[in-house]
Amino acid sequence: MTDRPALSLHTGSRGSRVLGIGSFQPEKVVTNDDLSKVMDTNDEWIRTRVGIIERRFAEKDEELTDFAVAAGKAALADAGVDPSEVDTVILPNCTMRTLIPNAAAQVAARIGIPNPGAFDLNAACAGFCYGLGVASDLIRAGSAKKVLVIGAEKLTDSIDPTDRANAIIFADGAGAAVVGASDEPEIGPVSWGSAGDLVDLIYMRDEKFIYQEGQSVFRWATTQIAPIALSALEAAGLKPSDVDVLIPHQANLRIVEAIAKKLRANGARDDMVVADDIKYSGNTSSASIPLALDHMRKAGTVRSGDVVLAVGFGAGLSYAGQAFVSP
Ligand SMILES: CC(C)(COP(=O)(O)OP(=O)(O)OC[C@H]1O[C@@H](n2cnc3c(N)ncnc32)[C@H](O)[C@@H]1OP(=O)(O)O)[C@@H](O)C(=O)NCCC(=O)NCCS
């Protein structure tokens, strides 16, 4: 026995839920034909091998933090949550060029969120699912009441514009979710992990440009990610047939389709909606999942109450997935 005083703890909620979603993309549309003017590529190859038709690139004076502010505000408006109610901001990203200061605190201040806990989270393209998992657990533990998770990237800062392995894939944008308490759990447990032994498959070369071994990443993603998605479902007590909407990280349409095929082979429904936002948004890393969800809700392909299964994967290698109910 010790005579030290007992520590007190916050009291959380039984569950958490996504209250609202928002996104932002820069104006500038870049087509495959535009890219074929600066590198040896063509529209047909990109459409068939990657699935991208066009993507958005930032102008020089547009920053990751600008996109994050716009997406964060849109998510708060969608949720009907005032900035003053938010106590925590998590900003998954892997392309903030300055490590100090982080993006989260300044983005929160620009949105008008008063003095929140604010931190960046780098799990590359798995970042949004990591952030959503942390947000959900903070709320359930009582450490936070309302969390804003914003995946934001300016990947064009980190790409050699003439590198045809990367410049055709990556793009810029942001997507955000507001997370709050709920009596009934509406966000399932996160299933996450990493394969650090494969670190050399995607990295920044000379601290400047992203390099990746495309084929190896492709093989890894098409074989290793569906089981993560299935384990996230199992952790939430759901079956593949319960999934209304599948949102894999938008890395390559062929990877998305391979994951969907494996889920269907395990019982997912034929009418499960599968995100294909990569066609018009490219690969926006930690922004791709909330960006896709926002676009799908606006297009009416995802309805309030739908069961969404999200799974992110990328550099690290890192991966994470969870099931949640669409707001
Ligand atoms: C990067 C990726 C699109 C390259 O596709 P790939 O089919 O593996 O391409 P390869 O490098 O094997 O090249 C295949 C052929 O296409 C050609 N090619 C490669 N890139 C090309 C391009 N951008 N445009 C036109 N042709 C291209 C190659 O020269 C090669 O031609 P050959 O067969 O005549 O020699 C693909 O590997 C991929 O999407 N990988 C996953 C990447 C990913 O998702 N990363 C992010 C994870 S977050």
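Colleague: How many of the eight residues of strand S14 (residues 318-325) are buried?

Modeller: Seven of the eight are, so take S14 as a mostly covered strand; the word buried means under 20% relative accessible area, exposed means over 50%, and partly exposed lies in between (1.4 Å probe, protein chains only). Strands (E, at least two residues) and helices (H or I, at least four) are DSSP runs, numbered from the N terminus. Please keep in mind that this is a predicted model, where local features need pLDDT of at least 70 and side-chain atom pairs count only at pLDDT 80 or more, while totals for chains, interfaces and linings use all residues. Residues are numbered from 1 along each chain as its sequence is written, and side-chain values use heavy atoms, with hydrogens and water left out.

Colleague: Which way do S13 and S14 run, and how many bridges join them?

Modeller: Here is the general idea: two strands pair if DSSP finds at least two bridges between them. Strand S13 (residues 307-314) and S14 run antiparallel, joined by eight bridges. Within that pairing, Ala-310 stands opposite Gln-322. Strand S8 (residues 191-194) is also antiparallel to S14, with four bridges, and Ser-191 has Gly-321 as its bridge partner.

Colleague: What do S13 and S14 form, with three residues between them?

Modeller: They form a hairpin, and Gly-316 in its turn has a positive phi of about 140 degrees. Look at the next peptide bond too: Gly-316 and Leu-317 are joined in cis, with omega about -15 degrees.

Colleague: Where else is there a cis peptide bond, with omega near 0 degrees?

Modeller: First, the background: most residues other than glycine have a negative phi, and most peptide bonds are trans. The bond from Ile-100 to Pro-101 is cis, and Pro-101 sits in the loop between S4 and H4.

Colleague: Ser-285 and Asn-115 each have a phi near 50 degrees, a positive value in a residue other than glycine. Is Ser-285 buried or exposed?

Modeller: Ser-285 is buried, because its relative accessible area is 1%. You will find Ser-285 in the loop between H8 and helix H9 (288-299). Asn-115, at 79% relative accessibility, counts as exposed; Asn-115 lies in the loop between H4 and strand S5 (117-121).

Colleague: How do I check the span of a helix, and what is the span of helix H7 (residues 253-265)?

Modeller: The expected span is 1.5 Å times one less than the number of residues. For the 13 residues of H7 that gives 18 Å, and the end C-alpha atoms are 18 Å apart, which agrees. Helix H3 (residues 64-79) has 16 residues and should span 22 Å, which agrees with its end C-alpha atoms, 22 Å apart.

Colleague: Which residues of H7 are buried?

Modeller: They are Leu-253, Ile-255, Val-256, Ile-259, Ala-260 and Leu-263. Seen down the axis of H7, these fall within an arc of 160 degrees (taken from the directions from the helix axis to the C-beta atoms), so they line one face. The face turned away carries the exposed residues Lys-261 and Ala-265. Among the elements covering the buried residues of H7, by contact (heavy atoms within 4.5 Å), are helix H6 (214-235) and S13.

Colleague: What happens just after H7, at Gly-267?

Modeller: Gly-267 takes a positive phi of about 110 degrees. Similarly, just after H3, Gly-80 takes a positive phi of about 70 degrees.
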